[in-house]
Amino acid sequence: MTVPDGSTFVPGASFTKVWRLRNSGSCTWTTSYAIVFITGDRMGSADSIQLASQVEPGQIVDLAVGLVAPTNPGRYRGNWMLRNPTGQLFGITSTANQPFWADIRVAGLPQVDEVYDFVENACTAQWFSGIGSLPCPGTDGDKNGFVLKLTNPRLEDGSVFSGPGLLTFPENTFNGYMRGVYPSFKVLKGDRFKAIVNCEQNASSCWVLFRLDYQIGSGLIRDYWAFGEHYDGQYFTVDLDLSPLAGKDVKFVFSVLSLGPASGDRAVWIEPRIVRTIFVPVLTPTPRPTSTP
């Protein structure tokens, strides 16, 4: 009568399973009879539950058991039968030897998925500096500016990050810059940009402005976020809500600008990415008519 097979619950949710049964035998089910858990997943129930009232032959009764969804995602089924005062078990179908059951799914908790990796897709972007287009990957030390993918980049604080990064070096001139324009990405409400930014370890003369810009279509490149960074032995964690751009096809732009001489401006974007929270739909079970066993 409630909780159709496959109903979905969040972990730990309480619910009541109700079965409608007909006493098709010749004996009265008294309050000494009980609903008994047999096999499968108990789902927080007692081993047995006495009947609340007697059920005469031919009479229909609704039997309820309070259950709790397990804490781990998955599919769960618990099987139940009736037990008479002498300890004999019986169930449904014409042979009265089959259990009735509760069958549910437990939904996963909301999951944060990475939906775009700016390091992996670095060379799909168009990179350029004041001299024009730059190759990707570039060459370390190129005075025109360069971009390189890093594995396990070194942070300003002396640690090594276990993951990918992008080393971006602007044109080696006073107030030089470099910029990478990525292909269009469809932003959804709730999407977030995450990264760590800092100067590369030992780049002691580094002094730059990190910027995340954006472009829609062939329109102007607009500012979205900026952060000034100089070599101080620390790094900065970026966590930006992209919801103002939701529903748009956006070209994200990585910009690095030198704040003065550029010779030591080894600016590193660590694990830059867009993440999205995926919510698993949770159904609210409602009673529905069932056939009488």
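# Around Asp213, and beyond

Asp213 has its place in strand S16. A strand here is a DSSP run of E with at least two residues, numbered from the N terminus. The structure is a predicted model, in which local features need pLDDT of at least 70, side-chain atom pairs count only at pLDDT 80 or more, and totals for chains, interfaces and linings use all residues. Residues are numbered from 1 along each chain as its sequence is written, and side-chain values use heavy atoms, with hydrogens and water left out.

**Two neighbours in S16**

Is Asp213 buried or exposed? Asp213 counts as buried because its relative accessibility is 0%. Buried means under 20% relative accessible area, exposed means over 50%, and partly exposed lies in between (1.4 Å probe, protein chains only). The Asp213 side chain makes a polar contact with the side chain of Ser255, at 3.0 Å. A polar contact is a pair of N or O atoms within 3.5 Å; within protein, one must be able to donate a hydrogen and the other to accept it, and residues adjacent in sequence count only if both atoms are side-chain atoms. Beyond four places in sequence, Asp213 also touches other residues, including Arg179, Arg222 and Lys251. Contact means heavy atoms within 4.5 Å.

Tyr214 lies in S16 too. Its relative accessibility is 15%, so Tyr214 counts as buried. Among its contacts beyond four places in sequence are Leu220, Leu245 and Val250. Tyr214 and Trp225 are 11 residues apart in sequence, and their C-alpha atoms are 9.6 Å apart in space.

**The sheet that holds S16**

S16 belongs to an open sheet of 6 strands, in the order S11-S10-S14-S19-S16-S17, with antiparallel pairing. Which strands stand at the edges? They are S11 (132–134) and S17 (222–230); each has a single partner strand, so one side of each is left without a neighbour in the sheet. From one strand to the next, the twist averages 25 degrees. Axes are lines fitted to C-alpha atoms, and angles run from 0 to 180 degrees between N-to-C directions.

Strands of a sheet pair through backbone hydrogen bonds, either parallel or antiparallel. Two strands count as paired if DSSP finds at least two bridges between them. The table lists four antiparallel pairs.

| Strand pair | Bridges | Residues standing opposite |
|---|---|---|
| S10 (126–129) and S14 (177–186) | 4 bridges | Gln126 and Val181 |
| S3 (34–40) and S6 (74–83) | 6 bridges | Ile35 and Leu82 |
| S6 and S8 (100–106) | 7 bridges | Asn79 and Trp101 |
| S6 and S7 (89–90) | 2 bridges | Leu82 and Phe90 |

S6 and S7 form a hairpin with 5 residues between them. In its turn, Gly87 has a positive phi of about 95 degrees.

Phe128 is found in S10. At 26% relative accessibility, Phe128 counts as partly exposed. Phe128 is in contact with Ser133, Tyr177 and Val181, among others beyond four places in sequence. Phe128 and Thr95 are 33 residues apart along the chain, yet 79 Å separates their C-alpha atoms.

**The cores**

In soluble globular proteins, nonpolar side chains tend to be buried together. A nonpolar core is a set of buried Ala, Val, Leu, Ile, Met, Phe, Trp, Tyr and Cys residues joined through side-chain atoms within 4.5 Å. How many residues does the largest core have? It has 35 residues, and Trp127, Leu166, Tyr182, Phe193, Phe252, Phe254 and Trp269 have the most contacts inside it. S14, S15, S16, S18, S19 and S20 each supply at least two residues of this core. A second, separate core has 27 residues, including Trp29, Val65, Ala69 and Ile104.

**Backbone details**

The peptide bond from Cys136 to Pro137 is cis, with omega near 0 degrees. Pro137 is in the loop between S11 and S12 (146–151).

Val3 and Asn175 are not glycine, but each has a positive phi near 55 degrees. Val3 is in the segment before S1 (7–9). Its relative accessibility is 3%, so Val3 counts as buried. Asn175 is in the loop between S13 (164–169) and S14. At 45% relative accessibility, Asn175 counts as partly exposed.

**Confidence**

pLDDT is the predictor's confidence in each residue, from 0 to 100. The protein averages a pLDDT of 92, and 94% of the residues score at least 70. Where does pLDDT stay under 50? That stretch is residues 282–293, for which the model has 21 contacts beyond four places in sequence. Where pLDDT is low, the predicted coordinates should not be read in detail.
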